[in-house]
Amino acid sequence: MDVLLWRVPNPHHRPAMPSLVESSEGGDEGESLRYEEMEDDNVSPTDLSELLKDGTKESHDRAENTQFVKDFLKGRIKKELFKLATVALYFTYSALEEEMDRNKDNPVFAPLYFPLELHRKEALIKDMKYFYGEDWKEKIQCSEATQHYVDRIHHVGQHEPELLVAHAYTRYMGDLSGGQVLKKVAQRALKLPSTDEGIQFYVFENVSNAQQFKQLYRARLNALDLDKSCKERIVEEANRAFRFNMQVFDELDKIGKSLTEEAQEGGLPVHDGRGDLRKCPYYADKLGKAAPGCPYHAAVAMAKQPLVQLILAACVAVAAGAAAWYMM
């Protein structure tokens with residue numbers, strides 16, 4: 001196993017390191033970091049941040065183009081599915097932050113340990129309570145795809161802690177970037193409160209400037225003393241993390257489709273195809289209770305018959321001709 005060391009940059013290559021200003025208000029727990037403006041002109045193509053950016057670009061593009069993410073970005077996200085996605089995040093970050101805490105003093109990871117700024121578990125617990133109530137723990141379970149992801153994180157944290165860098169980078173840098181777009185989409189599409197209930201996961205209260213923090217994080221990545229082989233392994237693990245995320249997205253997409261099918265199973269949907277099925281007085285639920293067919297959908301179904309369409313077309317033609325004659 002390659003040994004990683006925290007090093008002082010040598011005079012030939014000094015990665016851009018921002019100044020840190022600590023706020024002492026409120027004691028230790030109230031401290032947060034502010035990040036001063038910095039230049040980032042000294043990045044080398046062999047720096048880990050650059051290798052990760054270039055080496056995961058294809059995976060990043062594939063993840064963005066999964067059906068779940070594309071639908072999400074368009075605001076096509078069901079509340080129940082969003083809740084399940086939040087559950088997946090809860091289990092993922094619980095595992096990730098458990099392993100980060102385990103390795104907080106380990107030189108292979110310590111420079112990237114930012115619990116006050118980055119940790120998401122407590123925020124996700126707030127989201128769980130908002131969506132599922134105080135007894136939320138009894139109402140959720142880890143999905144199969146999420147469990148595979150969680151198992152890998154635990155393996156890495158306990159046996160190959162240098163690869164934990166890849167999982168932290170993949171998750172937190174994404175949360176500070178595209179995650180902020182998803183926050184706005186979810187808030188608008190699901191009509192969530194403007195006070196951020198249900199989307200606390202996306203709120204980084206102790207990061208005053210996301211862009212500057214990401215520069216700090218990349219500088220810390222580049223200041224790790226890694227050989228070429230270890231950097232390649234970290235990039236490979238980051239791509240693996242993307243694959244785990246895509247598997248979770250695909251799983252959620254399948255669940256989303258099954259939710260739609262369940263809504264139509266055993267009876268007809270609501271009149272306009274939207275809303276709560278059981279608000280339609282003519283809905284026959286999936287338990288097989290007898291109920292008359294919905295007149296709206298019966299009419300739509302009849303209109304789709306070829307003979308009926310021919311008759312309707314003839315009627316429209318006659319009506320159009322009469323209207324034209326009348327206007328002459």
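## Tyr-217 and the nonpolar core

Leaving aside its neighbours within four places in sequence, Tyr-217 makes contact with Leu-112, Phe-114 and Leu-118, and also with Ala-168, Tyr-169 and Met-173. In this predicted model, Tyr-217 is also one of the residues with the most contacts inside the largest nonpolar core, a group it shares with Phe-68, Phe-82, Phe-213 and Ile-234. That core has 70 residues.

Three of the partners of Tyr-217, namely Ala-168, Tyr-169 and Met-173, are listed among the buried residues of helix α8.

## Overall architecture

The protein has 13 helices and four strands, and buried residues make up 43% of its 328 residues. Among the contacts between residues at least 6 apart in sequence, 73% join residues that are at least 24 apart.

## Helices α8 and α4

Helix α8 has twelve residues and reaches 17 Å from its first C-alpha to its last, close to the 16 Å expected at 1.5 Å a residue. Eleven of the twelve residues of α8 are buried, so this helix is largely enclosed by the rest of the structure; the buried residues include Leu-164, Val-165, Arg-171 and Asp-175. His-167, which has its place in α8, is buried with a relative accessible area of 0%. When residues up to four places away in sequence are not counted, His-167 touches Leu-96, Tyr-149, Arg-152, Ile-153, Val-156, Glu-237 and Ala-241.

Helix α4 has 24 residues and reaches 34 Å from its first C-alpha to its last, close to the 34 Å expected at 1.5 Å a residue. This helix is mostly covered, with 17 of its 24 residues buried.

## The largest pocket

The largest pocket has a volume of about 1000 Å³ and is lined by 39 residues, of which His-60, Thr-170, Gly-174, Asp-175 and Phe-242 lie nearest its centre. Thr-170 and Asp-175 also appear among the buried residues of α8. By residue type, the lining divides into 20 nonpolar, eleven polar and eight charged residues.

Several helices contribute to this lining, and those that each supply at least two residues are α1 (48-55), α2 (57-64), α3 (67-73), α4 (79-102), α8 (164-175), α9 (178-189), α10 (210-222) and α11 (228-264).

## The loop between α3 and α4

Ile-77 is found in the loop between α3 and α4, and because its relative accessibility is 8%, under the 20% limit, this residue counts as buried. Apart from its neighbours within four places in sequence, Ile-77 is in contact with Phe-68, Phe-72, Phe-82, Ala-189 and Leu-190; of these, Phe-68 and Phe-82 are among the residues with the most contacts inside the largest nonpolar core. Ile-77 and Leu-190 lie 113 residues apart along the chain, yet their C-alpha atoms are separated by 7.7 Å.

## The loop between α9 and α10

The loop between α9 and α10 holds Lys-191 and Asp-196, each of which has a positive phi although neither is a glycine. The value is about 55° for Lys-191 and near 75° for Asp-196.

The two residues are set apart by their accessibility: Lys-191 is exposed, with a relative accessible area of 72%, whereas Asp-196 is buried, with a relative accessible area of 17%.

Key:
Residues are numbered from 1 along each chain as its sequence is written. This is a predicted model: local features need pLDDT of at least 70, side-chain atom pairs count only at pLDDT 80 or more; totals for chains, interfaces and linings use all residues. Side-chain values use heavy atoms; hydrogens and water are left out. On a 1 Å grid over the protein atoms alone, a cavity is a set of points where a 1.4 Å probe fits but cannot get out, and a pocket is an open set with protein on both sides within 12 Å along at least five of seven lines; lining residues have an atom within 4 Å of a point. Grid points are joined across faces, edges and corners, and a volume is the space filled by probe spheres set on the points. Ala, Val, Leu, Ile, Met, Phe, Trp, Tyr, Cys and Pro count as nonpolar, Asp, Glu, Lys and Arg as charged, and the others, Gly among them, as polar. The expected span of a helix is 1.5 Å times one less than its number of residues. Buried means under 20% relative accessible area, exposed over 50%, partly exposed in between (1.4 Å probe, protein chains only). A nonpolar core is a set of buried Ala, Val, Leu, Ile, Met, Phe, Trp, Tyr and Cys residues joined through side-chain atoms within 4.5 Å. Contact means heavy atoms within 4.5 Å.
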